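Biologist: I would like to learn how the labels for a structure are earned. Could we go through one together?

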Amino acid sequence: MCGIIGIASNRNICKDLLDTLNRLSYRGYDSAGISIVNDKKILERKIKGKISNLENLLELSPIDGALGIGHTRWATHGKPTTLNAHPHTVNNVSLVHNGIIENFQELKNSLLNDNTFYSSDTDTEIISHLIDNELKLGKTPIDSFLNTVKKLSGAFAIVAIFKDFNNLIIAGKRGSPLVIGYNKDEKYICSDVNSLTNLTKKISYLEDGDTVILNSNRVKILDENLKKSKRSIITVSSDRVVSSLSGYDHFMQKEIFEQPDVLSQSLAYYMDFSDFKMNEDKFNIDFSKYEKIVITGCGTAYYAGMVAKYWFENIAKINIEIDYASELRYRNVLLNDKSFSLFISQSGETADTLAALKFCKDNGQTIVSIVNEVESSIAKESDLVLPIFAGPEIGVASTKAFTCQLVALASLALHIAKVKNIISIDEEKNFINELLHVPKLILDVFEKENEIKKLAKIISKSKSAIFIGRGTSYPIALEGALKLKEISYIHAEGIAAGELKHGAIALVDKNMPVIVLAPEDLFYVKTLSNMHEVISRGGNIIFIGSCLDDILENTKLQGINVETSGKLSSPIIMAVPLQLLAYHVAKLLGKDIDQPRNLAKSVTVE
Ligand code: M6R
């Protein structure tokens with residue numbers, strides 16, 4: 001994974017490298033570094049940890065110059081140490097890399113035979129050695145770069161600078177994203193557009209196989225056949241709003257509380273509340289001919305797809321095939337012209353999801369995507385993009401993107417149900433009316449934050465927790481467990497409530513919090529029965545749901561009453577107390593809530 005930036009200019013660029021690395025840090029924050037060519041020397045600074053560590057290092061030991069590269073890392077090969085941080089400089093070349101070199105061991109072995117000395121455990125350093133060896137043989141930088149890249153397999157992007165060339169950057173894209181930015185007398189190469197918009201709005205997307213030779217005045221692109229090529233320059237209209245905490249302690253907290261607003265925007269895009277109809281123009285594909293949807297995504301996005309499975313099957317009466325993106329593409333799932341493929345991704349850059357998309361596209365599928373970043377790779381590969389309007393999500397734990405994904409999915413389910421003549425106009429109205437109440441019902445959940453904090457205290461003292469639910473509350477249980485794991489590092493499992501008795505109930509004792517998700521739905525009574533099975537075995541129940549029977553009073557249970565308004569709104573609303581619960585547990589434990597260990601916001605390696 002990782003974020004990379006290169007700048008060719010005729011002014012000092014160290015500060016711009018650092019600013020861009022900060023914008024790229026959603027791609028990883030295990031270590032960071034920069035290299036600058038100045039007066040035929042490569043100056044390098046790199047350090048373990050977040051970009052603030054690099055900023056401190058540069059204050060103590062400054063470097064500057066007009067041409068340089070920067071990197072923020074999510075470790076794949078080699079621990080997140082300073083030695084493994086990028087750039088990797090070997091004599092005459094310094095480079096940064098995003099992706100994985102799959103044949104690195106084989107290449108390393110062949111170099112070891114030549115007594116090459118390695119200072120890191122990374123796959124990246126091999127590339128620097130290979131290029132440097134070519135340079136030593138008297139090859140030009142571009143020939144050295146191309147000869148080396150030919151030997152590499154995997155998906156990657158590489159950006160290199162050279163000691164004796166104070167105005168030359170060479171970059172290659174083979175599977176990982178790279179864009180070029182243009183300004184008069186200044187050119188850029190970067191992992192994504194949004195991280196560049198503080199420097200320029202004029203950009204080109206590179207294509208796979210492209211090699212770029214750039215200096216402050218010129219950009220030359222060679223395609224995969226080494227033919228000189230042009231990539232259109234577009235002007236990106238909006239700058240990414242650089243998010244600030246606006247008085248909140250953490251981005252995750254801010255993003256949880258933004259949900260009533262962003263959900264309203266998302267709902268208003270897909271539905272017309274003046275006459276309670278779907279905005280049909282947002283779905284410019286004829287969905288009436290499809291009998292099956294193949295849904296995929298990763299992590300939270302995958303759980304959004306799992307919730308939607310129930311909606312598509314129940315409301316739109318369409319078959320669903322759903323799997324993790326990392327599994328789907330290797331399963332040889334049966335695809336035909338009666339199915340279309342649906343991809344869910346906040347970032348639109350997740351490598352597993354993108355690879356699954358390419359697999360489905362190569363098999364002739366129509367591609368529909370639900371994304372937050374509408375300029376992303378997944379969006380660009382899609383026949384129809386359904387945006388979610390969550391706005392920038394900075395916290396690594398996905399919150400508002402999840403609930404906004406659910407709105408887009410609910411809208412698609414209603415649209416398909418409508419074009420297939422499965423729901424009547426009145427049913428459409430009722431569903432829309434139900435969704436209209438979601439923002440207000442989430443505000444009601446916020447009123448219960450103090451009660452949620454008390455529940456968080458119980459969980460913060462536990463080593464493990466179980467979340468149970470039925471129907472759409474089952475994927476919400478999985479999502480609640482994921483939120484808790486990723487930011488508090490407490491082990492948690494989401495289990496279908498009816499499945500608990502088939503094994504996992506053996507884990508239950510007085511020390512095991514069992515978070516029971518029981519909104520007022522078809523499964524309510526059955527979920528309560530499952531809860532009683534846990535109570536009988538001494539489990540420590542935390543109830544989150546509808547208190548139809550004054551359940552908290554009668555059974556002296558701890559928990560909160562959550563009001564929902566129907567089958568579409570219920571999972572959207574139920575997700576919110578679980579986000580707050582995880583947030584407060586992590587806060588009580590003093591964890592790094594917005595940038596939890598070992599994670600990154602966008603996972604761009606398979
Ligand atoms: O950007 P994406 O939606 O494709 O990301 C997918 C997952 O990596 C992401 O949802 C991850 O699971 C989150 N950290 C969960 O909070």
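Biologist: What makes the pair formed by Ser 347 and an oxygen atom of the ligand a polar contact?

Modeller: This is a predicted model, so every value here is computed from it. A polar side-chain atom of Ser 347 lies 2.6 Å from an oxygen atom of the ligand. The cut-off for a pair of N or O atoms is 3.5 Å, so this pair counts as a polar contact.

Biologist: Which backbone atoms make such pairs with the ligand?

Modeller: Val 396 has a backbone N or O atom 3.0 Å from a nitrogen atom of the ligand. Ser 398 has a polar backbone atom 2.8 Å from a ligand oxygen atom. Both pairs are within 3.5 Å, so they count too.

Biologist: How much of the ligand does the protein bury?

Modeller: Taken alone, the ligand exposes 410 Å². The protein buries 91% of that.

Biologist: Which pocket holds the ligand, and what makes you say that the ligand "sits" there?

Modeller: The ligand sits in the second largest pocket. The word requires more than half of the ligand's atoms to lie within 2 Å of the pocket's grid points.

Biologist: Which residues and elements surround the ligand?

Modeller: There are 14 residues around the ligand. The closest are Ser 345, Gln 346, Ser 347, Thr 350 and Glu 486. The elements that give two or more residues to this shell are α8 (299-315) and α16 (473-488). By type, the shell has 5 nonpolar, 7 polar and 2 charged residues.

Biologist: Why do you say that the ligand lies between domain 2 and domain 3?

Modeller: Domain 2 (255-436) and domain 3 (443-588) both give residues to the shell, so the ligand lies between them. The chain also has domain 1 (3-243). The C-alpha centres of domain 1 and domain 3 lie 46 Å apart.

Biologist: What makes the peptide bond from His 86 to Pro 87 cis?

Modeller: Its omega is near 0°. Pro 87 lies in the loop between β4 (67-73) and β5 (88-90).

Biologist: What is notable about the phi of Lys 317?

Modeller: Lys 317 is not a glycine, although its phi is positive, about 50°. Lys 317 is in the loop between α8 and β19 (319-324).

Definitions and conventions: Residues are numbered from 1 along each chain as its sequence is written. This is a predicted model: local features need pLDDT of at least 70, side-chain atom pairs count only at pLDDT 80 or more; totals for chains, interfaces and linings use all residues. Side-chain values use heavy atoms; hydrogens and water are left out. A residue is near a molecule or strand if one of its heavy atoms lies within 4 Å of it. A polar contact is a pair of N or O atoms within 3.5 Å; within protein, one must be able to donate a hydrogen and the other to accept it, and residues adjacent in sequence count only if both atoms are side-chain atoms. Accessible areas come from the Shrake-Rupley method with a 1.4 Å probe; for residues, only the protein chains shown count as cover. On a 1 Å grid over the protein atoms alone, a cavity is a set of points where a 1.4 Å probe fits but cannot get out, and a pocket is an open set with protein on both sides within 12 Å along at least five of seven lines; lining residues have an atom within 4 Å of a point. Helices (H or I, at least four residues) and strands (E, at least two) are DSSP runs, numbered from the N terminus. Ala, Val, Leu, Ile, Met, Phe, Trp, Tyr, Cys and Pro count as nonpolar, Asp, Glu, Lys and Arg as charged, and the others, Gly among them, as polar. Domain bounds come from an automatic or database domain assignment.
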